[in-house]
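Trainee: I would like a close look at one part of this model, the sheet with the pieces that lean on it or lead out of it. Please take me through it step by step.

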Amino acid sequence: MLKLVFLGPPGAGKGTQAKLLSERRQIAHISTGDMLRAAVKEGSDLGKRVQTIIDAGQLVPDDLIVDLIRERISQSDCERGFILDGFPRTVAQAQALQRMLGERGESLSKVVFFNVRREDIRNRLDHRRGNEARADDSAEVQEERLRIYQEQTAPLIEFYQNLGLLHRLEAGGAIEEVQERLVQSLVDE
Ligand code: AMP
């Protein structure tokens with residue numbers, strides 16, 4: 001069963017590649033960003049709590065996001081496997097995920113790190129700003145998201161390297177090319 005984490009900066013193409021791979025392998029695509037945005041749209045209690053945090057490009061509290069994931073991965077569409085896109089984003093979240101899977105007698109297959117050049121990230125985020133009306137894609141919030149990524153999320157590269165789970169994916173280039181590289185890297189999984 002394929003259980004993947006997609007790790008990388010905002011704008012690296014994780015969401016796009018996760019969507020394609022989840023369709024190809026018939027596994028669940030779990031995007032915490034999408035889940036939180038849906039909660040905001042619904043106007044649920046969770047949505048109200050997280051809206052200002054998301055709009056500012058900051059991270060919502062670990063315990064909240066960990067509860068959300070615990071609930072989500074126990075749903076039946078995850079039985080064939082899943083891709084976590086945008087989670088974990090802090091070492092505490094990664095540790096919670098290890099514990100959560102361990103309790104279920106499960107483990108991650110691989111963590112795919114999307115390696116992209118800084119200028120490519122900026123180009124993609126600028127492009128997205130023009131195409132999707134996401135409040136958190138403004139130039140200032142974009143910078144904040146990149147800063148927080150470096151500070152809170154980049155340490156996960158080493159965390160997963162130490163667990164022998166990290167796979168570096170060259171994530172620059174056309175969507176189809178990247179998908180092909182990704183699929184090739186998972187042939188044995
Ligand atoms: P994303 O679509 O993955 O870029 O997520 C959009 C926003 O949702 C982020 O900037 C955070 O405010 C919030 N968010 C998504 N995933 C997480 C997470 N794992 N931990 C904390 N905040 C998150």
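Trainee: How many bridges join strand S1 to strand S4?

Mentor: There are 4 bridges between S1 (residues 2-7) and S4 (residues 110-115), and the two strands run parallel. A word on the basis first. The model is predicted, so local features need pLDDT of at least 70 and side-chain atom pairs pLDDT 80 or more, while totals for chains, interfaces and linings use all residues. Numbering starts at 1 along each chain as its sequence is written, and side-chain values use heavy atoms, without hydrogens or water.

Back to the pair. On S1, find Phe 6: Val 112 of S4 stands opposite this residue. Strands here are DSSP runs of E, at least two residues, and helices are runs of H or I, at least four, numbered from the N terminus. Pairing takes at least two DSSP bridges.

Now widen the view to the whole sheet. It is open and has 5 strands. Read across, the order is S2-S3-S1-S4-S5, with parallel pairing. At the edges lie S2 (28-31) and S5 (166-170). Each of these edge strands pairs on one side only. On average, neighbouring strands are turned by 25 degrees against each other, direction ignored. Axes are lines fitted to C-alpha atoms (for helices, over the stretch in contact), and angles run from 0 to 180 degrees between N-to-C directions.

Next, what leans on the sheet? Helix H8 packs on it. H8 touches S1, S4 and S5, where touching means heavy atoms within 4.5 Å. The direction of H8 makes about 125 degrees with that of S5.

H8 (residues 155-162) also packs with helix H7 (residues 139-153). Their axes are 5 Å apart, at an angle of about 35 degrees. From H7, the contact uses Tyr 149, Gln 150, Glu 151, Gln 152 and Thr 153. Pro 155, Leu 156 and Ile 157 supply the H8 side.

Now follow the loops beside the strands. Start at the edge strand S2. The loop between helix H1 (14-25) and S2 holds Gln 26. Gln 26 is not a glycine, yet its phi is positive, about 55 degrees.

Move on to S3 (81-85). Between S3 and helix H5 (91-103) runs a loop, and Pro 88 sits in it. The peptide bond from Phe 87 to Pro 88 is cis, with omega of about -5 degrees. Both features are worth checking by eye. Most residues other than glycine have a negative phi, and most peptide bonds are trans.

Finish at the other edge, S5. The loop from S5 to helix H9 (175-185) contains Gly 173. Setting aside residues up to four places away in sequence, Gly 173 touches Arg 124 and Val 178. Measure out one more pair on screen. Gly 173 and Val 116 are 57 residues apart in sequence. In space, their C-alpha atoms are 9.3 Å apart.

To retrace the route, begin with the 4 bridges of S1 and S4. Then go to H8, which packs on the sheet. End at Gly 173, in the loop after S5.
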